[in-house]
Amino acid sequence: MRAQTLALFGAVSDTLGGRLDIAYAEEVNPPLWEIGHVAWFEEFWIARNPERQCGAAATVESPRAASLLPASDALYDSNRVAHARRWQLPLPDARRARDYLAQARDRTRALLRQTPDDEASLYFFRLVLAHEAMHHEAGLMIAQGLGLPVPAPFPVVVPPRRDVAIDGTTLTVGADGGGFAFDNELGTHDVEVADFAIDGAPLAWRDWLPFIEGGGYEDARHWSTTGWAWRQRALPHGLPRHVARDDAFEQGLKRAAFGRWHGLALDAPVLHVSAHEAQAWCRWAGRRLPSEHEWTRAAALLGADFHAGQVWEWTASPFAPWPGFVAHAYRDYSMPWFDGRPVLKGGSFATQPFMKDARYRNFFVAGRNDVFAGLRTCAL
């Protein structure tokens with residue numbers, strides 16, 4: 001994981017140079033802040049955490065030891081440093097940021113060698129690993145948004161659409177506390193899932209192209225009121241993000257992938273669409289998005305035949321706590337975001353394999369189209 005973090009940061013640094021300056025955007029962080037935050041998070045929750053062996057029961061209020069980097073809390077604590085301020089901070093340069101990252105990891109390794117092999121003692125080591133994996137994917141999202149030529153393979157192909165009938169059941173969801181879990185995954189409970197039919201794979205561009213060419217982006221009838229307002233504001237050209245018209249390419253459309261333009265490959269999964277677009281396609285096609293419970297049920301039954309993991313998949317379920325929710329020490333992970341934003345499932349080509357757990361609940365606001373997200377749908 002660390003080698004990938006450093007390789008991506010190096011590729012971004014080589015492209016942007018100097019202070020790695022990028023224009024302000026609500027959906028991204030400055031690259032120098034991203035890399036420093038990864039180091040700070042590791043140090044804050046492991047080496048500086050006097051309750052690290054308490055695991056999920058630790059308290060964030062415990063006084064912390066001094067940081068390897070003076071004033072790091074004022075620079076990299078995402079709870080204390082507002083998003084817009086991150087562009088004005090006197091951040092250490094790339095060399096110092098790499099040094100901080102290496103020093104924090106050295107301390108982590110030393111402490112890990114002394115740590116008992118039990119769930120509570122290892123909890124923060126696993127949290128830090130998951131956190132770095134998320135920021136690596138976020139770094140790839142930044143690179144894609146900026147059109148930077150970093151090495152990252154886009155998903156290639158999904159099989160043709162077909163409905164798979166899934167029998168209803170009483171589904172037990174929620175982790176039981178054994179092994180590492182995020183706080184929003186805990187709270188074992190039963191839910192009733194009725195019979196349904198779901199796409200056997202995420203939608204491909206072959207499924208989306210008729211929506212584009214049939215005027216789906218120009219017809220407000222397919223969109224919710226909120227979604228249509230978003231479409232007019234975010235997609236003034238009436239095409240998905242990173243897609244443009246160009247008669248030099250087959251289909252008359254091209255797609256940008258990390259700074260390079262390619263023809264729109266019809267058998268590749270739809271990518272960089274928001275939940276608003278996903279819902280509009282469903283209205284146009286007479287389909288619907290699955291609930292997260294339907295998605296989980298189908299994934300468990302179909303296994304590899306479900307063809308998940310190339311793109312995140314929007315669901316119709318709002319991100320909400322399971323019964324008996326208790327926030328873990330990292331309180332900002334889940335609790336502030338129980339605001340109705342949709343759950344995404346499955347993982348993308350940029351997601352680390354160990355994060356592609358069927359119970360993992362990703363979550364973004366419905367208007368995010370920088371995420372490596374597509375969709376699959378259910379019959380009405």
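**Helix packing and a few unusual loop residues**

H1 and H2 run roughly antiparallel to each other in this predicted model. The call comes straight from the geometry: helix H1 (residues 2-16) and helix H2 (residues 31-47) pack at an angle of about 155 degrees, and anything over 145 counts as roughly antiparallel. Their axes sit 10 Å apart, and the crossing of the two helices is left-handed. On the H1 side, the contact is made by Arg2, Thr5, Phe9, Val12 and Leu16; H2 brings in Pro31, Leu32, Ile35, Val38 and Glu42. Sorted by type, the residues of this H1 and H2 contact come out as seven nonpolar, one polar and two charged.

Zooming out, the protein chain holds nine helices and 13 strands. Its radius of gyration is 21 Å, close to the 21 Å that the globule rule gives for 380 residues, so the chain is as compact as a globular protein of that length. Laid along its principal axes, the C-alpha trace covers about 60 × 50 × 35 Å. As for burial, 53% of the 380 residues count as buried. The contact pattern leans on long sequence separations: of the contacts in the chain with a separation of 6 or more, 74% involve residues 24 or more positions apart.

A second helix pair has another geometry to look at. Helix H6 (residues 205-213) and helix H8 (residues 275-285) cross at roughly 80 degrees, and their axes come within 11 Å. That angle makes H6 roughly perpendicular to H8, given that 65 to 115 degrees is the range for that label. From H6, the residues involved are Asp207, Trp208, Pro210 and Phe211. They meet Glu277, Ala278, Ala280, Trp281 and Trp284 in H8. The residues of this H6 and H8 contact divide into seven nonpolar, no polar and two charged.

Turning to backbone oddities, Phe258 is not a glycine, yet its phi is positive, at about 50 degrees. Phe258 belongs to the loop that links strand S6 (253-257) with strand S7 (260-263). With a relative accessible area of 2%, Phe258 is buried, the cut-off for that being under 20%. Further along, His272 also has a positive phi, in this case about 65 degrees, again without being a glycine. His272 is found in the loop between S7 and H8, and H8 is the helix that packs against H6. Like Phe258, which is buried, His272 is buried, and its relative accessible area is 2%.

The last residue picked out here is another loop histidine. His307 lies in the loop between helix H9 (292-302) and strand S9 (312-318). Its relative accessible area is 34%, which puts His307 in the partly exposed class. Once its neighbours within four places in sequence are set aside, His307 is in contact with Pro159, Gly200, Ala201, Pro202 and Arg376. One of these partners, Pro159, is 148 residues away from His307 along the chain, while the C-alpha atoms of the two are separated by 8.4 Å.

Definitions and conventions: Residues are numbered from 1 along each chain as its sequence is written. This is a predicted model: local features need pLDDT of at least 70, side-chain atom pairs count only at pLDDT 80 or more; totals for chains, interfaces and linings use all residues. Side-chain values use heavy atoms; hydrogens and water are left out. Axes are lines fitted to C-alpha atoms, for helices over the stretch in contact, and angles run from 0 to 180 degrees between N-to-C directions. Helices (H or I, at least four residues) and strands (E, at least two) are DSSP runs, numbered from the N terminus. Angles under 35 degrees count as roughly parallel, over 145 as roughly antiparallel, 65 to 115 as roughly perpendicular and the rest as oblique. A crossing is left-handed if the near helix is turned anticlockwise from the far one by less than a right angle, and right-handed if clockwise. Contact means heavy atoms within 4.5 Å. Ala, Val, Leu, Ile, Met, Phe, Trp, Tyr, Cys and Pro count as nonpolar, Asp, Glu, Lys and Arg as charged, and the others, Gly among them, as polar. The radius of gyration is taken over C-alpha atoms; the globule rule is 2.2 Å times the number of residues to the power 0.38. Buried means under 20% relative accessible area, exposed over 50%, partly exposed in between (1.4 Å probe, protein chains only).
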